[in-house]
Amino acid sequence: MKDISKILKPGIKAEDLKQENGILCCMNDLFISGDNQKYMKMYDWMSFFYDFGEKWIGKLKYGNAIDRLRTELMSRLEWKNNISVLYVSIGTGADLRYIPQEIDLKTIELIGADISMGMLKKCKKEWQKQTNLTLVQCPAEELPFADNTFDIVFHNGGINFFNDKALAISEMLRVAKTGSKLLIADETADFVESQYKKSLFSKSYFKDKTVDLNAIEQCIPASVTEKKTELFWDNKFYSITFRKPM
C-alpha cells in the first residue's frame, strides 16, 4: 500500500489508522447501522462467490449484457493516463476491466472505497498486481479524503440503499476536483423487483425495498452542471453523470 497521507483529510494520519490485510479502516459507527449495516453484512458473505456468480450465472442468464453495461458506464467518464481516481463502493473491482483499453491502469493513482471488508479483500487479491491501488474501508457518507483531490470520482452499485444518499453524493462532490465529471449508477426498481426480490440469495435483504430514481436525482445539488440521467439494459440500470462546478 502506498503512502496516502497527502490526500487524507486534515487531522487524519495514515499511521494512526487500523489496517486489515493492508486495507485502511476508517469506519465511523455513526454510519454502521440500518441499511448500511444490513448490506455490509450481505456483501461480506456474498464476497466469497460474487465474481463467480456474475461471470458464470450472470453470463448464462444475461449473455453479454452485463459486459456491455459496464463498458457503457465506464465510457461516460473522462479517462486519461496519470490521473487520480476514487471508486466508491469498489466491491471486487469488476468495473476496472472495462476502463478503455488505451488507458494504462498502472499510471493511475487509484483509491477504492467500500464498506464491506469482504469485498475489499477480494478486490485486493484480484487487482493489487495489475494496478496502483489503495483500498480503504469506509462508509460513502464519510470519505476520509481531502477536498478537491480526485480527477474522477465514480460509484456503481449500492447507493439505492445507502442510509444517507444525499450525504454520500455531497461527499463524492467534495473530494472531486473542481470541473471534474462524476458518475453514480445502480439498478432500477425494475431490476430490484425482477431479480433481487426473487433470488434465493438476496430476497430476504430486499423485502419491502424499492428504488425511487427521482428521489435519488433530487439528492444531487442544483449547483452541478451537465447533469444527465440515462437508462441502460432495457431499463434495468441507470446512471447519473454530472460535473462539479468551477
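Start your tour by selecting glutamate 226, which is exposed, with a relative accessible area of 53%. The cut-off for calling a residue exposed is over 50%. As you look around, keep in mind that this is a predicted model. Glutamate 226 sits in strand E8. Check its backbone too: glutamate 226 has a positive phi of about 55°, although it is not a glycine.

**Follow the strand into its hairpin**

Now select residues 225-232 to show all of strand E8, one of the two edge strands of its sheet. Add residues 237-243, which make up strand E9. How do E8 and E9 pair, parallel or antiparallel? They pair in the antiparallel sense, over 6 bridges. To see one bridge for yourself, pick phenylalanine 232 and find its partner in E9, phenylalanine 237.

Between these two strands of the hairpin there are 4 residues. One of them is tryptophan 233, with a positive phi near 50°. Next, click on aspartate 234, which is in the loop between E8 and E9. Aspartate 234 also has a positive phi, about 55°, and is not a glycine. Is aspartate 234 buried or exposed? At 67% relative accessibility, aspartate 234 counts as exposed.

**Zoom out to the whole sheet**

Show every strand as a ribbon. You are looking at an open sheet of 9 strands, in which the pairing is mixed. Walk across it in the order E1-E2-E5-E4-E3-E6-E7-E9-E8. Your walk begins at strand E1 (18-20) and ends at strand E8, the edge strands, each of which pairs on one side only. On average, neighbouring strands of this sheet are turned by 20° against each other, direction ignored.

**Stop at strand E4**

Select residues 109-114 for strand E4. Of its 6 residues, 5 are buried, so E4 is largely enclosed by the rest of the structure. On one side, E4 runs parallel to strand E5 (residues 132-137), and 6 bridges join the two. Try two places where they face each other: glutamate 109 stands opposite asparagine 132, and glycine 112 stands opposite leucine 135.

Then look for strand E3, residues 84-88. E3 and E4 also pair in the parallel sense, here over 5 bridges. Pick valine 85 and you will find leucine 110 of E4 opposite.

**Hunt for salt bridges**

Side chains of opposite charge can pair when their charged atoms come close. How many salt bridges does the structure hold? There are 13.

Begin with lysine 121 and glutamate 20, whose closest N and O atoms are 2.7 Å apart. This pair links distant parts of the chain: lysine 121 belongs to helix H4 (residues 117-127) and glutamate 20 to strand E1, and they are 101 residues apart. Both ends are partly exposed, lysine 121 at 32% relative accessible area and glutamate 20 at 34%.

Next, center the view on arginine 76. Its side chain meets that of glutamate 72 in a salt bridge, 2.8 Å from N to O. Arginine 76 also forms a salt bridge with glutamate 230, again listed at 2.8 Å from N to O. Where do arginine 76 and glutamate 230 lie? Arginine 76 is in the loop between helix H3 (65-75) and strand E3, while glutamate 230 is in strand E8, so the pair ties together parts that are 154 residues apart in sequence. Color the two glutamates by accessibility: glutamate 72 counts as partly exposed at 34%, and glutamate 230 counts as buried at 15%.

For a linked group, select Asp35, Lys38 and Lys209, which are joined in a network of salt bridges.

**Look at the surface**

Switch on the surface and highlight Trp45, Phe48, Phe49, Phe52, Leu200 and Phe201. These residues form a nonpolar patch, with about 690 Å² of accessible area together. One of them, phenylalanine 52, is in helix H2 (residues 50-62).

**Last stop: an annotated stretch**

Finally, select residues 87-184. In an unreviewed entry, UniProt places the feature "domain: Methyltransferase type" here. Over this stretch the chain is 22% helix and 23% strand. Find the C-alpha atoms at its two ends: they are 10 Å apart.

Definitions and conventions
Residues are numbered from 1 along each chain as its sequence is written. This is a predicted model: local features need pLDDT of at least 70, side-chain atom pairs count only at pLDDT 80 or more; totals for chains, interfaces and linings use all residues. Side-chain values use heavy atoms; hydrogens and water are left out. Two strands pair if DSSP finds at least two bridges between them. Axes are lines fitted to C-alpha atoms, for helices over the stretch in contact, and angles run from 0 to 180 degrees between N-to-C directions. Patches are made of residues with over 30% relative accessible area and no salt bridge: like charges are joined within 9 Å, nonpolar side chains (Val, Leu, Ile, Met, Phe, Trp, Tyr) within 5 Å. Accessible areas come from the Shrake-Rupley method with a 1.4 Å probe; for residues, only the protein chains shown count as cover. A salt bridge is a side-chain nitrogen of Lys or Arg within 4 Å of a carboxyl oxygen of Asp or Glu. UniProt positions are given in the numbering used here, feature names are shortened, and annotations may be inferred rather than shown by experiment. Buried means under 20% relative accessible area, exposed over 50%, partly exposed in between (1.4 Å probe, protein chains only).
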